[in-house]
Amino acid sequence: MKVALLYNDPDLKADLEPGITDRYIHNHIIAIEESLKEKNHEIIKLDVKNDVQRLICDIQTDKPDVVVNLCESVFGRAEFEMNVVALLELLKVPYTGASPIALGICLNKYNHRLFLKDMKIKCPGAVTVKGVQDFKSLGKLKFPVIVKPLYEDGSAGISERNIFSSPQEAMENFERLLGVFSEGLLAEEYIDGREFNCFLVKTKNGVKSFPVSEIKFSFPDKRKYKIISYEAKWNPESIEYKSTMPVCPAELSKSLLKKIQDVCVKIFNVMVKKGYARVDLRMDERNNLYIIDVNPNPDISPDAGAVRQMKAGGWTHTDFVEQILEEGIEYMKNPIFKQVSADSVHTSESGKDLKVTAAV
Ligand SMILES: Nc1ncnc2c1ncn2[C@@H]1O[C@H](COP(=O)(O)OP(=O)(O)O)[C@@H](O)[C@H]1O
Ligand SMILES: [Mg+2]
């Protein structure tokens, strides 16, 4: 098959330091290329480079059978991650990973709790803070509270310094935090306890949940709050990184493991539906589970937790890549896409005059 690797080099994880950015992009692409080569797929690379017109032309010229979507932002904005996928749908090009709707739902760290509430699944109490007018809502929360940027991922903006034991302390720090993350913050009740990740992949036999992984917190100092901060996630030299090693499979009773996997499959079926995802959870001392984060299209680079989990479940990286290609192609067979005619998108020879007409 002709497989296109779609990414946006200048913007992918633009918030990270350059060294980290390069490694992140590079590792993803190399690993996927190796898996594609193993199955003798023809590989083409589509680097968006913030040029949407050119992307459309390249897709129409190269005509890939399926696109492996690794694009996380366009024009430096994570909001446009879903637009790229929406464009692929309108061009009727099969693609791997999450749909535009799932990416949109999970973009804002507050949104997923609306779905979870409806499903009667627990997540920590939280309020959004966009300015002084929201401070009074902090009174609804049980402290300590962790304050996170509303629209980031990869632990960007997450630090122990953003965990506050009282509303007073939180309010004193909001000005500083809103100065950096002006689009808004999420103040969320801090859940002390174990942290788990559950990786899920859509297959033709339903959603497959892989062995659950646990973050083993082993800080040498006796710190009050144990989290995966930005340092812990991205800086292998740091104490934080070395003290937050994942263990997979996690040590869990059969019933707890089933409880975690069942809840995560339920979440996938309602909120994600397509591709693959990772759900992050915490469990308090009474074994209550709380959903912290739902991540469609999580990190699938070789040292990512998702890859560790798929291997613990008996899959190779190549098995995974083949599965997501197949699922992407299957998804495009949905009758809804029949209405999108391949002739509905016209470009002039220069590709500059784009006209999209609905063919219904
Ligand atoms: N409510 C919470 N209670 C305890 N720890 C939390 C909470 N929210 C986040 N954390 C810690 O911060 C990390 C990153 O938070 P998360 O919401 O997953 O952000 P991101 O989308 O950047 O990964 C989590 O893996 C966890 O260690
Ligand atoms: Mg997370």
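## Loops, domains and the ligand 1 shell

Lys92 is found in the loop between α3 (81-90) and α4 (100-107); helices (H or I, at least four residues) and strands (E, at least two) are DSSP runs, numbered from the N terminus. The model is predicted: local features need pLDDT of at least 70 and side-chain atom pairs count only at pLDDT 80 or more, while totals for chains, interfaces and linings use all residues. Residues are numbered from 1 along each chain as its sequence is written, and chains are lettered from A and ligands numbered from 1 in the order in which they are written.

Most residues other than glycine have a negative phi, and most peptide bonds are trans. Lys92 has a positive phi, near 60°, and Ser155, also not a glycine, has a positive phi of about 60°. The table gives the setting of these residues and of Ile121. A residue is called buried with 20 or more other C-beta atoms within 10 Å of its own, exposed with 12 or fewer, and partly exposed in between, the C-beta atoms being placed from the backbone.

| Residue | Loop | C-beta neighbours and class |
|---|---|---|
| Lys92 | between α3 (81-90) and α4 (100-107) | 15 inside 10 Å, partly exposed |
| Ser155 | between β5 and β6 (163-164) | 18 inside 10 Å, partly exposed |
| Ile121 | between α5 (112-118) and β4 | 18 inside 10 Å, partly exposed |

Beyond its neighbours within four places in sequence, Ile121 is in contact (C-beta atoms, placed from the backbone, within 7 Å) with Leu116, Val263, Ile267 and Ile291. The C-alpha atoms of Ile121 and Arg161 are separated by 29 Å, with their positions 40 residues apart along the chain.

Two peptide bonds are cis. One joins Phe143 and Pro144, with omega about 5°, and Pro144 lies in the loop between β4 (126-129) and β5. Another runs from Cys248 to Pro249, with omega near 0°; Pro249 lies in the loop between β11 (244-247) and α9 (254-272).

By an automatic or database domain assignment, the protein chain is divided into domain 1 (2-95), domain 2 (106-111 + 114-120 + 192-212 + 248-320) and domain 3 (125-189). The C-alpha centres of domain 1 and domain 2 lie 24 Å apart. Their contact takes 9 residues from domain 1 and 6 residues from domain 2. On the domain 1 side, the touching residues divide into 3 nonpolar, 3 polar and 3 charged; Ala, Val, Leu, Ile, Met, Phe, Trp, Tyr, Cys and Pro count as nonpolar, Asp, Glu, Lys and Arg as charged, and the others, Gly among them, as polar.

Ligand 1 has 20 residues around it, of which Asp153, Ile191, Ile227, Ile228 and Asp293 come nearest; a residue is near a molecule if its C-beta atom, placed from the backbone, lies within 6 Å of it. By class, this shell has 9 nonpolar, 2 polar and 9 charged residues. Domain 2 and domain 3 each provide at least three residues of the shell. Among the strands, β5 (145-149), β7 (185-189), β12 (276-283) and β13 (289-296) each supply at least two residues.

Helix α10 (residues 305-312) has Gly305, Ala306, Arg308, Gln309 and Met310 as its buried residues. These buried residues of α10 pack against β8 (194-203), β10 (213-217), β11, β12 and α11 (317-331). After α10 comes Gly314, with a positive phi near 90°.

Conventions. Two residues are in contact if their C-beta atoms, placed from the backbone, lie within 7 Å.
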